[in-house]
Amino acid sequence: MSLYADRCPPDELLTDAEALLVRSVTRVDEALLAKAPQLKFVATATIGTEHLDLDALAARNITVASAPGGNADSVGEYVLTAVLALFQRRQQLAALADMEVAIVGAGNTGRATGRRLQALGVNVHYYDPPLLQSNPQLSLDLHDHWQRVLNADIISCHVPLIKDGVHPTHHLFDIEALQSLHAEQVLINASRGAVVDNRALTDVCAQGDCPSLILDVWEGEPQISTQLLDVAAIATPHIAGHSAEGKVGGAIIAARALHDFLQLPFAGGIDDVLPACPWPNYDANRLQTLDDLAALALHRYNIWHDDALMREHGTTAAGFDQLRKGYRKDNPRRQFNNQRIACHNRQQVEQFSQLGFSVLGSVR
């Protein structure tokens with residue numbers, strides 16, 4: 001087995017490679033495949049496959065696997081923390097209870113995000129026309145009303161990047177959609193950069209009625225728009241899914257797929273890879289308000305630290321890549337399921353479980 005750390009594996013590793021495991025920064029296309037004549041299997045440790053040329057892989061009869069759901073909880077916690085951080089800074093946390101959230105994409109990450117935001121008391125609904133067509137009885141507030149999305153107080157994107165077909169997502173938020181938004185709204189993109197037309201968004205913001213932007217992904221990564229960075233409320237370098245559990249979870253799914261392909265047994269999980277988290281137990285009675293919850297969330301994941309690093313180092317392609325590659329290398333971001341909350345009633349059990357914490361105590 002050989003390891004590589006750059007966006008593309010070196011040619012000398014590809015020559016004899018029979019299997020290739022990648023993340024979203026590695027483009028597996030005809031140019032790469034031409035250097036890998038022995039390749040039989042490709043897996044990505046991400047849910048999205050837009051960085052894989054599926055037609056070229058199919059033409060070579062190369063088996064492909066992805067990792068749906070591997071980092072869904074990490075993305076959900078990123079959005080939850082970002083929303084709490086933004087409204088805490090505005091001193092408007094109490095206003096969340098009256099807000100409407102549109103989740104664009106009701107897959108693993110969309111539902112993980114919606115579940116957590118719903119626990120704050122907001123009204124969450126999901127826009128996903130393809131899923132609505134195939135699963136009209138799904139027990140979600142699932143719809144295909146685009147205007148309902150554009151009217152929401154908070155819009156959070158969780159779709160793959162699809163350029164063709166009946167339901168493309170490339171520039172889903174185009175100039176027309178973006179011009180219908182206003183400064184009291186929040187637009188979050190933790191899916192793929194080109195789901196939002198970044199140039200159009202920059203133009204809309206220049207006109208002065210821009211929604212508050214929480215951007216983890218950027219069109220043209222790793223070279224991003226510094227103009228957009230300047231106006232974003234929270235900016236990070238494509239790390240929403242990069243908790244320690246999220247990265248290891250995706251890798252385990254990819255490794256399991258490789259073992260299945262090779263018809264080999266696979267054993268092991270996240271707990272076999274990551275060290276125990278030393279966080280002390282917390283009493284739910286200390287979390288009576290959203291201010292209390294925001295303080296705990298930001299203590300466990302200081303998203304403002306990631307935002308500051310992005311503004312300092314993410315303005316160049318090399319800097320952006322280095323932020324992703326070395327993300328919290330010495331102090332990995334751990335997920336909230338490592339935080340045990342002692343609960344005393346059914347409402348607390350339900351709320352903190354929905355937020356993704358580990359609950360101590362049960363109520364019959």
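## Exercises on a sheet, a helix pair and a buried histidine

A102 stands opposite I155 of strand β7. The model is predicted, and each exercise below is to be worked on it.

**Exercise 1.** Trace the neighbours of β7: which strands does β7 pair with, and in which sense?

*Solution.* Start with β4, residues 100-104, which is joined to β7, residues 154-157, by four bridges, the two strands running parallel. One residue pair in this ladder is A102 opposite I155; another is V104, whose bridge partner in β7 is C157. Next take β8, residues 186-189: four bridges link β7 and β8, again in the parallel sense. Here I155 stands opposite L187 of β8. I155 thus faces A102 in β4 and L187 in β8.

**Exercise 2.** Place these strands in the whole sheet, and state which strands form its edges.

*Solution.* The sheet is open and has seven strands, with parallel pairing, in the order β6-β5-β4-β7-β8-β9-β10. Its edge strands, β6 (142-143) and β10 (234-235), each pair on one side only.

**Exercise 3.** Sort I154, I155, S156 and C157 of β7 by the direction in which they point, and decide whether they are buried or exposed.

*Solution.* I154 and S156 point one way from the strand, while I155 and C157 point the other way. In a regular strand, side chains alternate between the two faces of the sheet. As for accessibility, all four of these β7 residues are buried.

**Exercise 4.** Describe how helices α14 and α15 pack, and name the residues that make the contact.

*Solution.* Helix α14 spans residues 303-313 and helix α15 residues 317-325; they pack at an angle of about 150 degrees, with axes 9 Å apart. Because angles over 145 degrees count as roughly antiparallel, α14 is roughly antiparallel to α15. On the α14 side the contact is made by L309, M310 and H313, and on the α15 side by G319, F320 and L323. By class, four of the contact residues are nonpolar, two are polar and none is charged.

**Exercise 5.** Locate H238, classify its burial and list what H238 touches.

*Solution.* H238 lies in the loop between β10 and α11 (244-261). Its relative accessibility is 11%, so H238 counts as buried, the cut-off being under 20%. Leaving aside residues up to four places away in sequence, H238 touches S24, S191, R192, D216, V217, E221, F320 and R324. One of these, F320, also belongs to the α15 side of the contact with α14.

Technical notes: Residues are numbered from 1 along each chain as its sequence is written. This is a predicted model: local features need pLDDT of at least 70, side-chain atom pairs count only at pLDDT 80 or more; totals for chains, interfaces and linings use all residues. Side-chain values use heavy atoms; hydrogens and water are left out. Two strands pair if DSSP finds at least two bridges between them. Axes are lines fitted to C-alpha atoms, for helices over the stretch in contact, and angles run from 0 to 180 degrees between N-to-C directions. Angles under 35 degrees count as roughly parallel, over 145 as roughly antiparallel, 65 to 115 as roughly perpendicular and the rest as oblique. Contact means heavy atoms within 4.5 Å. Ala, Val, Leu, Ile, Met, Phe, Trp, Tyr, Cys and Pro count as nonpolar, Asp, Glu, Lys and Arg as charged, and the others, Gly among them, as polar. Buried means under 20% relative accessible area, exposed over 50%, partly exposed in between (1.4 Å probe, protein chains only).
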